[in-house]
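Let's take a walk through this fold together, one piece at a time. Have the sequence and the model open side by side as you read.

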Amino acid sequence: MKEPQNIFLPGGFKQFRILKTKMVLNNKNVLVIGSGSEKIAEKMIESGASSAIVIVNDYDSLINARLNLIKDSNVLIKMMDFDNTDFDAEQFDLVYAQASISLLNRNKIVKEIKRILKPEAILCVGEITALAKDYPPFVKNIFDNSDIMALENDQCGKYYSERNFSVLYEEDLSSSLNSFYEHTARTLDDKIYTLTDKEKSFYKKLLNKISHESNAYLKLGADRYIGFKMLILKKNI
């Protein structure tokens, strides 16, 4: 059964669904990085995780994330820098990041993720990627506006291997971006005026940014240059 499209992240629920086929989540301590990931964290709990924490890096995202959780949710939301968390060393069995760490400070974030992962624990990451080494200025502007440092699509595994992770699985999910941007464009066109105050608060900033991106992707040819790849990685001892 197809998941409902109620998550505004590249890849939708596909990255999570693939992870579930590759990893047993029972009794796992999970950290989810990035705003917009609350529903994924709730699905971690539904799938047997013993705990799920979401971290966001600004106050608006903190408030909106808490509003977006179901009543009596067991997911915890905390605000902290992704590259300098308050967690103990070797605390988590799984760190999950979906289009949230493809940033200018990725190197520092990955170093921090390694610190808080248990030995041989798992990092599941979805990376915004560049499908070509050279891309036009309007694509660079999209990356720059989101502080993205895009890895080349075929170099993602190498990047993480060089940082002492083993690549257990990778899949190019670039094709999912078309439905992501189409869905976002439809939402903007058809439902923006019917959103509740809660939904407007949660989605306004994100939808405004994605509106520009979706137009560039669907109409201006950015689909030739912007990709999305997921990787399941094991922290080496």
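## A tour of the fold

Start at helix α2, residues 38-46, where Glu38, Ile40, Ala41, Glu42, Lys43 and Met44 are buried. Keep in mind that you're looking at a predicted model. One of those residues, Lys43, lies over the face of Phe13, at 5.3 Å from the ring centre. After α2 comes Gly48, whose phi is positive, near 110 degrees.

Now zoom out for a moment. The protein chain has eight helices and eight strands. Of its 237 residues, 50% count as buried. If you take the contacts with a separation of 6 or more, residues 24 or more positions apart account for 76% of them.

On to the strands. Strand β2 (residues 51-56) runs parallel to β3, and four bridges join the two. If you want a spot to check the register, Val54 has Ile77 in β3 as its bridge partner. To get from β2 to β3, the chain passes through helix α3 (residues 59-68), and this β-α-β crossover is right-handed.

Past β3 (76-79), the chain enters the loop that leads to β4, and that loop is where you'll find Glu90. What is the sign of phi at Glu90? Glu90 has a positive phi of about 55 degrees, although it is not a glycine. For context, most residues other than glycine have a negative phi. As for its surroundings, Glu90 counts as partly exposed because its relative accessibility is 44%.

Next comes strand β4, residues 92-98. How many of its residues are buried? Seven of the seven are, so to speak, under cover. Strand β4 pairs with β1 (residues 29-33) in the parallel sense, over four bridges, and within that pairing Leu31 has Val95 of β4 as its bridge partner. Strand β4 also pairs with β5 (residues 117-130), again in the parallel sense, over six bridges. Here Phe92 stands opposite Leu117 in β5. Helix α4 (residues 106-116) joins in as well: β4, α4 and β5 make a right-handed β-α-β unit.

Phe92 deserves a second look, this time for its ring. The model has six aromatic pairs in its count. In one of them, the rings of Phe87 and Phe92 have their centres 4.9 Å apart and their planes at 90 degrees, so the pair is edge-to-face. Both Phe87 and Phe92 are buried.

Carry on to helix α5, residues 137-145, whose buried residues are Val139, Ile142 and Phe143. Why do these three end up on the same side of α5? They cover an arc of only 95 degrees around the axis, which puts them on the same side of the helix. The background is familiar: an α-helix has 3.6 residues a turn, so residues three or four places apart point the same way. Turn α5 around, and the face away from its buried side carries the exposed residues Pro137 and Asn145. Just after α5, Asp147 takes a positive phi of about 55 degrees.

Now find Tyr159, which is in helix α6 (residues 156-161). Is Tyr159 buried or exposed? Tyr159 counts as buried because its relative accessibility is 8%, under the 20% cut-off. Leaving aside residues up to four places away in sequence, Tyr159 touches Arg106, Asn107, Val110 and Leu151. Tyr159 and Asn107 are 52 residues apart in sequence, while their C-alpha atoms are 9.8 Å apart in space. Arg106 lies over the face of Tyr159, at 5.5 Å from the ring centre. Tyr159 has aromatic company too: ring pairs link Tyr159, Tyr160 and Phe165 into a cluster.

Finish in the loop between α6 and β7 (165-172), which holds Asn164. Asn164 has a positive phi of about 70 degrees, although it is not a glycine. With a relative accessible area of 33%, Asn164 is partly exposed.

Notes. Residues numbered from 1 in each chain as written. Predicted model: local features only at pLDDT ≥ 70, side-chain atom pairs only at ≥ 80, totals over all residues. Heavy atoms only, no water. Buried < 20%, exposed > 50% of the residue type's maximum accessible area, 1.4 Å probe, protein only. Pairing = 2+ DSSP bridges. Right-handed = clockwise from strand over helix to strand, strands pointing away. Arc of directions from axis to C-beta. Phe/Tyr/Trp six-rings, centres within 6.5 Å; stacked < 30°, edge-to-face > 60°. Lys NZ or Arg CZ within 6 Å of the ring centre and 35° of its normal. Contact = heavy atoms within 4.5 Å.
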